[in-house]
Structure formats: structure tokens, C-alpha cells
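Here are my notes on the model, written as numbered points. Have it open while you read, and tell me if something looks off to you.

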Amino acid sequence: MDLRRICWVILFTAAISLACCPSTAIAGDTSQDDENAPKKPGCANDFILVKVQTWVNGVEDKEFVGVGARFGTTVLSKEKNANRTRLTLADPRDCCSKPKNEASGDVFMVERGSCTFTNKTNNAEAANASAVLIINNQKELYKMVCEPNETDLVINIPAVLLPKDAGASLEKKLLNGLSVSMHLYSPERPAVDVAEVFLWLIAVGTIICASYWSAWSAREAAIEQDKLLKDAVEDIPNEKLLGTGGVMEINTISAILFIVLASCFLAVLYKYINYKFVEVLVVLFCVGGVEGLQTCLVALLSRWFKRAGGSYIKVPVFGAVSYLTLAVSPFCIAAAVVWAIKRNDPFAWIGQDILGISLMITVLQIVHVPNLKVGTVLLCCAFLYDIFWVFISKKFYHESVMISVARGDKTGEDGIPMLLKIPRMFDPWGGYSIIGFGDILLPGLLIAFSLRYDWLAKKTLRAGYFLWAMFAYGLGLLITYVALNLMDGHGQPALLYIVPFTLGTFLTLGRKRGELKILWTRGEPIRPCRHIQLQQSEELNQEM
């Protein structure tokens, strides 16, 4: 169906563009090193997030999150060792001069502005404060650093910055005469979270399922072609007869254009993204998710409902549609709509992952790389793309563009929907471990190609390319998560590790086995043409 083919071209283009946006594994930062704020004596702390648990009149109340300063003593990591201390408003409120009130071991709450952070903290310490909470004049957190001329600082109390809304809430309670107490602690993030294990399994499982589906379809098409040629069909079989009408092969130029388009789209997202823009992305994701989920369900259910799957009805615009597709579509649409409405709920990630996995499996089934040359160009471009937008973009935009877009820093939402995510179950800071669609789709195109080649060449699993490409992908993704934890939660470009392992393994095996030329150019094994052999046999019989 021509319209369907065009729609999938559009969907694939959008998928690659959007998938490559957050192709970074992010666990959320508890420690935030800043190259623009170098460490020096007395000002050498790492930037860490700090939990501020409060009590009002002895009753446990809200918990706020602040950020520790580069200077001062460090905050305890274990909650059981943190002491509950009373909170007091400093007088003057900015604490730029010696406070008129004595803290007597209380925590001073002061306003940002009028003088340096270190000056405020020194004045609070002189008034016997045990710690100082500095309230930012914005809703966001800010890294408190030392001034360039400040060296050899000696500050013996911790300083923590809270966002404006948290300060307003605490100030209101204090002004109303309520007794507010708190303790400060900064729990350490576990080295490995179960969420990362599940994400690894999902990524690997998605590629395996999609590869086998793609290889099975290619083998069925090849068998059908052999039957037609064996029957001495004079006309070249059309795509519909061969069962490949729904497949779209990309070439070298389109592979490069996909990455260029992804870069342009990512730059536009970073500059102009807002809540309304995210709404548009949600709609696009739902459209792709509905089509993906519907395609996967129809393929599975048609094994049991062959009659409904093989009976068609003509629908305006869409053409011939099976009765099974009509039966499944309302469920898929309802699932996408419910997710879109409830996407900010705690368990909405389940629906997002189901729609995303279905979309990726379907894209890998429909979109093929015809040979190793196209796969190499695509992955090498994606490799450079990932490095540039995660690391090099910091020099131009003062932050990592890809990580900013993936988190949805400028949208007020929890990131864009074109990614898989699982909540960090044993992390005291919560949050999600995520992986972008591009980290699965782009290597998946090459891995699916490897299995199609193996089946057409009738190779065993061990003698083929799929097993080793799949192993290399899994190892590359595993190293991504190891690097993520070694970098203390800083986002890592997964393709930086995945591409060398996957592509390098494929190229090395192909060269070693003497099949690199066939893989690079043809992309499929040379098969004997049976109808030509049949004709030659008949000619020999006639001569005899």
C-alpha cells in the first residue's frame, strides 16, 4: 500500500530524528563537577545534592533538595548520623553583616544577594550557627563557588542552597510562629541499580525479537521467490508477490541525511523546546506507538486467528485492512491515549516502554540496511553525532545539549517521550535510568541485517555473524553503564561504546572469513538460480 509505505518513511525519519536526541544513558547527578569553578584550598568540595528533611512543631513535614557548596564542611551521608537542629531566620536576612541574633547551634536561613556566599557563611559561623541554608532568588538550584581572589578559606560549617519555593515555604512557617527543625544529609547513590540491569535486558531483547522477525520475513520472501523462479515465471516478481512491499531499504545518502536531520532537530529542540513542543512530541510518539503496537499484536494474533488476519476490507484512505487489524486498533489507540493523559503518573513509564518497544521492533522489521557499507556509514555518523552533542556541544552551549533535551530541563516535564526508562528502585535519590531509542534502533539495524544474512546463507548460529554482533552490542551497552557509574552519574553517549564493539566485531569477522566484500557490497549470499539450472538441464537432455 503506497500510503502506508509513505507513512512509514515519515515515521522512520521522525523516529531516527527523535530517537537520536536522547541517545544517552542518564541516571541523574548527585555530584556535579564544574570545570568553570576549579578547586583550590578551602574550596575543594564536590557539588552534591543534599536532602533537607523538616519537622514542624515536632511533626515530620516536607523534604526538600538543595545543593552543597564548594566550600565549608561536607554534609553527612547517612541519615541516622544527622542531628535534628532548629531553623532560625538570620537578622539581617541577607547575613552580609554580623547577625544581631545568636544562633546557639541553630541552622541559619539567609537570603541570597548583596554579598558573597562565603561572606554569608562566615558571618553565620561567627554567630555560632551549625549550618546555613541560603535561599536562591530563582526556582532552580545554583552552584555556590568561591570568588577568584578567595584562597585558603577556613569555614567549618556546611552551606546548602535551596530553591526559592522551598525557602518561601519555610519562611512562611517561621513567620507564623511555628517551630521548624531539620537535618541535612546526602545519601550515596548505589554503584549499580536493578533498573540498569532491566534496561540492558530490554534493549538486548528488543533487538533479538526484531532481528528474528526481520530474518523470518526475509527468508519467507526468499522461499517465495525461489518457488516463483522454479515455476519458470517469465515476469520478474513484483514486491507484493515477494512479500517485501512493506520493507524500506536505506542507502548511504539517506543514512547521512538521517543523522544531519537528527542534528538539526536536536538543535531546534534545545533552543525552542517548551511545554507545547513536548505536547507535539507526545502526539508523534503516540502515533508511532499505536502503529507499532498494532503491527506487533496483529503479527502475534494472526497465528491463532488466521481467518481474521487473512480477510480484508477496504477502508477509505488506508486501503485494504484486515479484520484483525480493525479489532486490535481500538485497543492500541486507547492504550496510547491513556498513557498520554497519565504520562506524569508514577507508573506511566510502563506504558511508555511498551509503546516504545513496539515502535522500535516494527521499525526494525520494516527498515533495512541492504549491506554492511550502509550500516557502517550510518553507525559512524551516529558515533560522531553522539560525541559531538554530549561532549563537544558544551563548548558552544555551555552545557551538554543532548543531556539537557533528554532530561527536559527547559520544559517543566520529566524529559521527552522518545526513550525507555525504568525507576531506580534502590536509589535514595529516586529518578530514572534511561536509554534513548537511537541506542537500540541504530545498532539494531546492523544486527538485524547480520541475522538476515546468516539465514539466507544457511549459517549456524555459531558460524554466523548475529551471535557475535549481539554479544558485542550487549558488551558495549554494559560498558556504557559501567562508565556511567564511574563518572558518578554523568550522562554517557552509549554509541561511543556500542559502535566500536558492534561494528568492529562485524568487520573483523567478515575480513577473517573472507566474506567482507560480499557483506560490504551485495549484503546477501550468492544463491544459485534454479530456473537457469533447470533450463540448462533441459537443453542437455535435448542434445542427448
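**Notes on the predicted model**

1. Let's start with Asn136, which counts as buried at 3% relative accessibility. Bear in mind that everything here comes from a predicted model. Asn136 sits in the loop between E6 and E7. Leaving out residues up to four places away in sequence, Asn136 touches Arg112, Leu141, Tyr142, Leu161, Leu162, Pro163 and Lys164. With Lys164 there is also a backbone figure to look at: the two C-alpha atoms are separated by 5.1 Å, although the residues are 28 apart along the chain.

2. Next, strand E7, which covers residues 159-162. Ala159 and Leu161 point one way, Val160 and Leu162 the other way, and all of them are buried. If you want the textbook background, side chains in a regular strand alternate between the two faces of the sheet. Two of the residues from this strand, Leu161 and Leu162, turned up in the Asn136 contacts above.

3. Which strands does E7 pair with? E6 (residues 131-135) runs parallel to E7 and is joined to it by four bridges. E3 also pairs with E7, in the antiparallel sense and over two bridges. Val160 is a handy residue to click on here: it is the bridge partner of Leu133, and it also stands opposite Gly68.

4. Now the cavities. The structure holds two of 30 Å³ or more, and the largest has a volume of about 60 Å³. Its lining is made up of Asn45, Asp46, Ile48, Gly68, Ala69, Phe71, Thr73, Thr74, Val75 and Ala159. By type, that lining splits into five nonpolar residues, four polar and one charged. Two names should look familiar from the strand pairing: Gly68, which stands opposite Val160, and Ala159, one of the buried residues of E7. As a reminder of the idea behind this, rolling a probe the size of a water molecule over the atoms shows where empty space is left.

5. On to charges. The count comes to 10 salt bridges. One of them brings together the side chains of Lys51 and Glu63, at 3.9 Å from N to O. Lys51 belongs to strand E2 (residues 49-56) and Glu63 to strand E3 (residues 59-68), so this pair ties together parts that are 12 residues apart in sequence. Is each partner buried or exposed? Lys51 is buried, with a relative accessible area of 9%, while Glu63 is partly exposed at 36%. With 3.9 Å against a cut-off of 4 Å, I'd look at this pair on screen.

6. The salt bridges I'd spend time on are those of Arg93, which is linked with Glu111 and Glu171 in a network. The side chains of Arg93 and Glu111 meet at 3.8 Å, N to O. That pair links distant parts of the chain, with Arg93 in the loop between strand E4 (85-89) and strand E5 (107-111), and Glu111 in strand E5, 18 residues apart. The other bridge runs from Arg93 to Glu171, where the closest N and O atoms are 2.0 Å apart. Here the link is between helix H3, which holds Glu171, and the loop between E4 and E5, which holds Arg93, and the two residues are 78 apart. Please check that 2.0 Å figure by eye.

7. How exposed are the three members of that network? Arg93 counts as partly exposed at 27% relative accessibility. Glu111 is partly exposed too, with a relative accessible area of 38%, and Glu171 is partly exposed at 23%.

8. While you are at helix H3 (residues 164-175), have a look at Ser169, which lies in it. Ser169 is buried, with a relative accessible area of 16%. Apart from neighbours within four places in sequence, Ser169 is in contact with Lys62 and Phe64.

9. Last, a hairpin. Strand E10 (residues 312-315) and strand E11 (residues 319-322) run antiparallel and are joined by four bridges. Ile313 stands opposite Val321 in E11. Three residues lie between the two strands, and Val317 in the turn has a positive phi of about 75 degrees.

Key: Residues numbered from 1 in each chain as written. Predicted model: local features only at pLDDT ≥ 70, side-chain atom pairs only at ≥ 80, totals over all residues. Heavy atoms only, no water. 1 Å grid on protein atoms, 1.4 Å probe; cavity = no way out; pocket = protein on both sides within 12 Å on 5 of 7 lines; lining within 4 Å. Points joined across faces, edges and corners; volume = space filled by probe spheres on them. Nonpolar A, V, L, I, M, F, W, Y, C, P; charged D, E, K, R; others polar. Buried < 20%, exposed > 50% of the residue type's maximum accessible area, 1.4 Å probe, protein only. Contact = heavy atoms within 4.5 Å. Pairing = 2+ DSSP bridges.
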